[in-house]
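Morning, everyone. Please bring the structure up on your screens. I'll walk through a few sites.

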Amino acid sequence: MLSLFVSAALVSCSDDDNDAIVINDGEPTSVKLYTSNNADGNITVYDVTDQSAVTSKTLITTSIAADGVYYDATNDFLLQASRTDLGLEGYNNTSSLVSGATLTVDVDGTNDMQSPREVAVNGNFIVVADNADVDGDPLTPDGRLYVYTKDGNTITLRNTITTSFKLWGITFDNNNLYAVVDATNELAVFSDFLSNTTDMTLAATKRIAVEGIVRTHGLTFDASSDVMILTDIADAANGQDDGGFHYIQNFTSKFNGVANGGTLEVSQQVRVSGASTLLGNPVDVAYDASTQTVYIAEAGNGGGRILAFNNFEAGGNIAPFINNSLAAASAVYLSK
Ligand SMILES: [Ca+2]
Ligand SMILES: [Ca+2]
Ligand SMILES: [Ca+2]
Ligand SMILES: [Ca+2]
């Protein structure tokens, strides 16, 4: 079967210029990692299609600090949460821009937030986790999720959801929203999150502890491979060598198998940490299941880095195979 397919592919590529697409058997020809940072607010895009020959370009924004980057390849729409303006800022038609190009804000959200961090997108909904204290008492943990809708070049605040824990990373699995419980080793989920349409305080549907993590911060879920990855910044004051990430296969059944308030045992996970990893404060993570690559925004080590890991399934003190300096890196988003 394979040889028949290859023969057909070789024939078919002789009469057009799509040979790369055909021979790659459906693999995308472009894999890009979008990154934000809190040093100058610009967006750096790494072309990781060929992992042995990574190139990058930086697009200049008017923000000087940003988080929660996102890219919609279908509509060539780029977005980040400006920590300068405290609102979402979107840019159309950026894919062909060259490095050093200055971006004009095409979609300017209202400046509703206080400390925007991770962004999670579901259809026309854009959710931002804000980690500012809500009730004026920093001793009581809380946070706020801002739910926006996008219609053309307009972003509108629909409602805000106050949580009873501190926020940072968020990610959707269909309509369920996973959120790290910042300052702890816990993971929370809000089932059917977007059905909560009013300003309200909402309890998580379920919270579990993730054994082996000290303080989680970033997370990503890949539904196609059922993989969850959580980062561990451990002590925030150590930005150099106490961080790590946990790779959790068959995540859905493992998560469902832990009762609310229970613990997912470290034996059910793979932990990557140690001085060779360059993980001190890994604040965000993205995952490419097809190449089993973990991409990390590292905010601390060396002043900030974009790292990539593969061959990590055994866990341990593994050196990244991609290591690019990016001052105060804050978020990563993989686009294929
Ligand atoms: Ca703005
Ligand atoms: Ca509080
Ligand atoms: Ca740390
Ligand atoms: Ca992210």
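Let's start with Asp133. Asp133 is partly exposed, at a relative accessible area of 26%. Buried would need under 20%. Keep in mind that this is a predicted model.

What does Asp133 do here? Asp133 gives an OD donor to the calcium ion (ligand 2). The other protein donors are Asp135 (OD), Asp137 (O), Thr140 (O), Thr140 (OG1), and Asp142 (OD), listed twice. They lie 2.1 to 3.1 Å from the ion. Along the chain, the donors of ligand 2 follow the spacing D-x1-D-x1-D-x2-T-x1-D. Now look at Asp142. Asp142 has 8% relative accessibility, so it counts as buried. So this site takes in a partly exposed Asp133 and a buried Asp142.

Next, the calcium ion (ligand 3). Which residues coordinate it? Ile233, Asp235, Asn238 and Gly280 each give O. Asp242 gives OD, listed twice, and Asn281 gives OD1. The range is 2.2 to 3.2 Å. The sequence spacing here reads I-x1-D-x2-N-x3-D-x37-G-N. Note the x37 in that pattern. Ile233 sits in the loop between strand E18 (227-232) and strand E19 (244-248). Asn281 sits in the loop between strand E21 (270-273) and strand E22 (282-288). The two are 48 residues apart in sequence, so the pair ties those parts together. Are these two residues buried or exposed? Ile233 is buried, and Asn281 is buried too.

On to the rings. How many aromatic pairs does a search of the whole structure find? The count is 14. Take Phe245 and Phe312. Their ring centres are 5.6 Å apart and their planes stand at 85°, so this pair is edge-to-face. The pair also links distant parts of the chain. Phe245 is in strand E19, while Phe312 is in the loop between strand E24 (305-309) and strand E25 (322-325). That is 67 residues apart. Phe245 has 0% relative accessibility, so it counts as buried. Phe312 also comes out at 0%, and counts as buried.

There is a cluster around them. Ring pairs link Phe245 and Phe312 with Tyr247, Tyr287 and Phe309.

Last item: charges over rings. Lys150 has its charged end over the ring of Phe77, 4.2 Å from the ring centre. Lys206 has its charged end over the ring of Phe255, 4.6 Å from the centre.

That's my tour. Questions, please.

Key: Residues are numbered from 1 along each chain as its sequence is written. Chains are lettered from A and ligands numbered from 1 in the order in which they are written. This is a predicted model: local features need pLDDT of at least 70, side-chain atom pairs count only at pLDDT 80 or more; totals for chains, interfaces and linings use all residues. Side-chain values use heavy atoms; hydrogens and water are left out. Donors are N, O and S atoms within 2.8 Å of the metal (3.2 Å for Na, K and Ca); water is not among the atoms, so sites may look incomplete. Helices (H or I, at least four residues) and strands (E, at least two) are DSSP runs, numbered from the N terminus. Buried means under 20% relative accessible area, exposed over 50%, partly exposed in between (1.4 Å probe, protein chains only). Rings of Phe, Tyr and Trp (its six-membered ring) pair if their centres lie within 6.5 Å; planes under 30 degrees apart count as stacked, over 60 as edge-to-face and the rest as tilted. A charge sits over a ring if NZ of Lys or CZ of Arg is within 6 Å of the ring centre and within 35 degrees of the ring normal.
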